[in-house]
Amino acid sequence: MDLRVLKYFLAVAREENITKAAQMVHITQPSLSRQMQQLEEELHTTLFHRGKQRITLTEDGLLLRRRAQELVALAEKTEAEFLNKKKTLTGRIAIGSGEFKNSRFLFDVVAAFRREHPQVYLDIYSGNSDNIKEQIENGLLDLGLLMEPVEISRYEFLRLPEQEEWTALVSENSELADKERLTPEDLADMPLFMTTRTMVQNELMSWFGSYADKLNIIATGNLNYNLVIMARSENGVCMNLKRDCSYEGMREIPLYPPLKSGNLLVWKKAQVYPAAVTEFIHFFRQYVQTYVQKKSGSAGD
């Protein structure tokens, strides 16, 4: 498949109109129609439902759109990496991160790195660890900040020096709102909201212990904001990582016994990276070592 034709296809998918798409990519409408027909013949499938006013994607068309977006993004990323091979360190670093307190540590390192290499810019992707790993595997992300437990046999990694602390977000109207800490027994019968990640769910279930079979789980999700809003509406509880933020109408309460999780910065093994990414990994490793040494020194004073 020609990358140019995939870009044409994405334009048609976006505009849902051949004439408008042709104007966007600066070719004639008959030429674009012919290109799309040839693409369908090449793939032995129908990509479009062709209506009088509107063109929409078939199921195969939706699949191709996802693949085409990945291929075009990867091609543009590769082109940028080669164009930016200069004496001054330049280029793009694509980093994925979940919603963590440790994200502040990561971006403190990024800021320090950019003070030394101001021509390097960042492309930030937000998602959970499973989303981020998928993007790394597809070549769309260079690095990912993941939360344990997570499968990392295919990755090199650096462990961040601080851990994430689990808490519970409860509605201010909840009967639990005045408690100083929450136990598994406190949460057993409450409407509960938590992550979709199976490995993390297993960690939470271990914390609940004998109460795990009694949980009233209302919904799961990949990121936190919508779960918190639902928990507030349901007068329920959202299992939450402690962050430097607050939610209107919700109170954050520590768990007892405490539950903590680690974070890892990961990248693919045996991968040749552009200079900017390689230098950032080296910089991050040195930054963590210095941080740990300073913290150890302060603790010994």
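The exercises below work through the fold, packing and backbone of a predicted model.

**Exercise 1. Describe the chain as a whole: how many helices and strands are there, and what share of the residues is buried?**

Step 1. The chain holds ten helices and 13 strands.
Step 2. Along the principal axes, its C-alpha atoms fill a box of roughly 70 × 50 × 35 Å.
Step 3. Of the 301 residues, 44% count as buried. The exposed surface comes to about 16,600 Å², and carbon and sulfur atoms supply 47% of it.
Step 4. Among contacts with a separation of 6 or more, residues 24 or more positions apart account for 73%.

**Exercise 2. Give the strand order of the open five-stranded sheet and state which strands are at its edges.**

Step 1. The order is β4-β3-β5-β13-β6, and the pairing is mixed.
Step 2. β4 (120-126) and β6 (155-159) each pair on one side only, as edge strands. From one strand to the next, the twist averages 25 degrees.
Step 3. Take one pair inside this order: β3 (residues 91-97) and β5 (residues 143-147) run parallel and are joined by three bridges. In this pair, S97 stands opposite L145 of β5.
Step 4. Helix α5 (residues 103-116) lies across β3, β4, β5 and β13 (263-268), and runs at about 165 degrees to β4.

**Exercise 3. Is L106 buried or exposed, and which residues does L106 touch?**

Step 1. L106 belongs to helix α5, the helix that lies across the sheet strands β3, β4, β5 and β13.
Step 2. The cut-off for buried is under 20% relative accessible area. L106 has 0% relative accessibility and therefore counts as buried.
Step 3. Leaving out residues up to four places away in sequence, L106 touches I95, S97, L145, L265, F280 and F284. Two of these contacts, S97 and L145, are the residues that stand opposite each other in the β3 and β5 pair.
Step 4. L265 is 159 residues from L106 along the chain, yet their C-alpha atoms are separated by 8.7 Å.

**Exercise 4. Classify the packing of α3 against α1 and against α2.**

Step 1. Helix α1 (residues 3-15) meets helix α3 (residues 29-43) at about 110 degrees, with the axes 10 Å apart. Angles of 65 to 115 degrees count as roughly perpendicular, so α1 and α3 are roughly perpendicular to each other.
Step 2. That contact uses R4, V5, Y8, F9 and V12 from α1 and L32, Q35, M36 and L39 from α3. Seven of the contact residues are nonpolar, one is polar and one is charged.
Step 3. The axes of helix α2 (residues 18-25) and α3 come within 9 Å and cross at roughly 105 degrees, which makes α2 roughly perpendicular to α3.
Step 4. Here I18, T19, A21 and A22 of α2 meet Q29, L32, S33 and M36 of α3. The division is five nonpolar, three polar and no charged.

**Exercise 5. Where are the cis peptide bonds of E148-P149 and Y256-P257, and where are the positive phi values of E16 and A270?**

Step 1. Start from the background: most residues other than glycine have a negative phi, and most peptide bonds are trans.
Step 2. E148 and P149 are joined by a cis bond with omega about 0 degrees; P149 sits in the loop between β5 and β6.
Step 3. The bond from Y256 to P257 is also cis, with omega near 0 degrees. P257 is in the loop between β11 (250-254) and β12 (260-261).
Step 4. E16, in the loop between α1 and α2, has a positive phi near 55 degrees. At 25% relative accessibility, E16 counts as partly exposed.
Step 5. A270 has a positive phi near 55 degrees and lies in the loop between β13 and α10 (275-300). With a relative accessible area of 85%, A270 is exposed.

Key:
Residues are numbered from 1 along each chain as its sequence is written. This is a predicted model: local features need pLDDT of at least 70, side-chain atom pairs count only at pLDDT 80 or more; totals for chains, interfaces and linings use all residues. Side-chain values use heavy atoms; hydrogens and water are left out. Two strands pair if DSSP finds at least two bridges between them. Helices (H or I, at least four residues) and strands (E, at least two) are DSSP runs, numbered from the N terminus. Axes are lines fitted to C-alpha atoms, for helices over the stretch in contact, and angles run from 0 to 180 degrees between N-to-C directions. Contact means heavy atoms within 4.5 Å. Angles under 35 degrees count as roughly parallel, over 145 as roughly antiparallel, 65 to 115 as roughly perpendicular and the rest as oblique. Ala, Val, Leu, Ile, Met, Phe, Trp, Tyr, Cys and Pro count as nonpolar, Asp, Glu, Lys and Arg as charged, and the others, Gly among them, as polar. Buried means under 20% relative accessible area, exposed over 50%, partly exposed in between (1.4 Å probe, protein chains only). Accessible areas come from the Shrake-Rupley method with a 1.4 Å probe; for residues, only the protein chains shown count as cover.
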